[in-house]
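Here are some short exercises, each with a worked solution. Keep the model at hand and try each task before reading on.

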Amino acid sequence: MIRNFYRETDCLSKYEEEYVLPKIISILEQCKGRSNALTNKIIIVKYGVAGTEMESRVRKVINYIRNNGIIPCLIATNKGYYIATDAKEITDYEDSLKGRESAIRKIRLSLHKQGIAVYGEEAIKEAAEQTKNDREKEEKKYKLALKLKREQKQKKKRKSALRLKPKRKKYY
């Protein structure tokens, strides 16, 4: 999980694995070639739900698909997601990813040097340790809140199931 993006980057829920994932796989399998690319918003429309939270979770599901090779050669561009139809598309995309990876790393290292120059190396080390501890606390807090939410849902389901049971008639 990424700090401050816990919901967006949390593992797939059971519902997402069982219902959302297969549906998105079936949608994306139709996207062979750049001309058939679909954006996240179009995928959500095809799936039949909306909302900003859903957009980030669909991206997470697609990230899961890509990282696990469920749909080989699935590419993401500003035109949308599509399955590469030749090796050149793969190498072009890989080159683009390397460039972004390098740019992010360069910014991170530069920011680290700036922090040391402004605040000192010892302060940066202490802050890094504090950040690590904060992240661990926040993740635990998020997971606990998620667990409580699930438990509340299960309680509601049990209560509604009990109300649905017909009352027994007493025969004397």
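**Exercise 1: Cysteines**

Task: Find how many disulfides the count gives in this predicted model.

Solution: Start with the cut-off, which asks for a pair of cysteine sulfur atoms within 2.5 Å. By this rule, the count is 0 disulfides. Next, turn to accessibility. Cys31 has 1% relative accessibility, so it counts as buried, the limit being under 20%. Cys73 has 40%, so it counts as partly exposed.

**Exercise 2: The nonpolar core**

Task: Work out which residues touch the most other members of the largest nonpolar core, and which element supplies its largest share.

Solution: Begin with the membership, which is 27 residues. Those touching the most other members are Ile24, Leu28, Ile43, Ile62, Ile65 and Leu74. Then look at the elements: α2 (14–28), α3 (40–47), α4, β1 (74–77) and β2 (80–83) supply at least two residues each. The largest share is from α2, with 6 residues. Finally, zoom in on Ile43: leaving out residues up to four places away in sequence, Ile43 touches Ile24, Ile27, Leu28, Leu38, Val58, Ile62 and Tyr81.

**Exercise 3: A pocket**

Task: Describe the lining of the second largest pocket by element and by class.

Solution: First, note the volume of this second largest pocket, about 220 Å³. Its lining residues are Arg59, Lys60, Ile62, Asn63, Arg66, Ala76, Tyr81, Tyr93, Leu97 and Arg100. Two or more of them come from each of α4 (52–67) and α5 (87–119). With 5 residues, α4 gives the most. Sorted by class, the lining has 5 nonpolar, 4 charged and 1 polar residues.

Technical notes: Residues are numbered from 1 along each chain as its sequence is written. This is a predicted model: local features need pLDDT of at least 70, side-chain atom pairs count only at pLDDT 80 or more; totals for chains, interfaces and linings use all residues. Side-chain values use heavy atoms; hydrogens and water are left out. Buried means under 20% relative accessible area, exposed over 50%, partly exposed in between (1.4 Å probe, protein chains only). On a 1 Å grid over the protein atoms alone, a cavity is a set of points where a 1.4 Å probe fits but cannot get out, and a pocket is an open set with protein on both sides within 12 Å along at least five of seven lines; lining residues have an atom within 4 Å of a point. Grid points are joined across faces, edges and corners, and a volume is the space filled by probe spheres set on the points. Helices (H or I, at least four residues) and strands (E, at least two) are DSSP runs, numbered from the N terminus. Ala, Val, Leu, Ile, Met, Phe, Trp, Tyr, Cys and Pro count as nonpolar, Asp, Glu, Lys and Arg as charged, and the others, Gly among them, as polar. A nonpolar core is a set of buried Ala, Val, Leu, Ile, Met, Phe, Trp, Tyr and Cys residues joined through side-chain atoms within 4.5 Å. Contact means heavy atoms within 4.5 Å.
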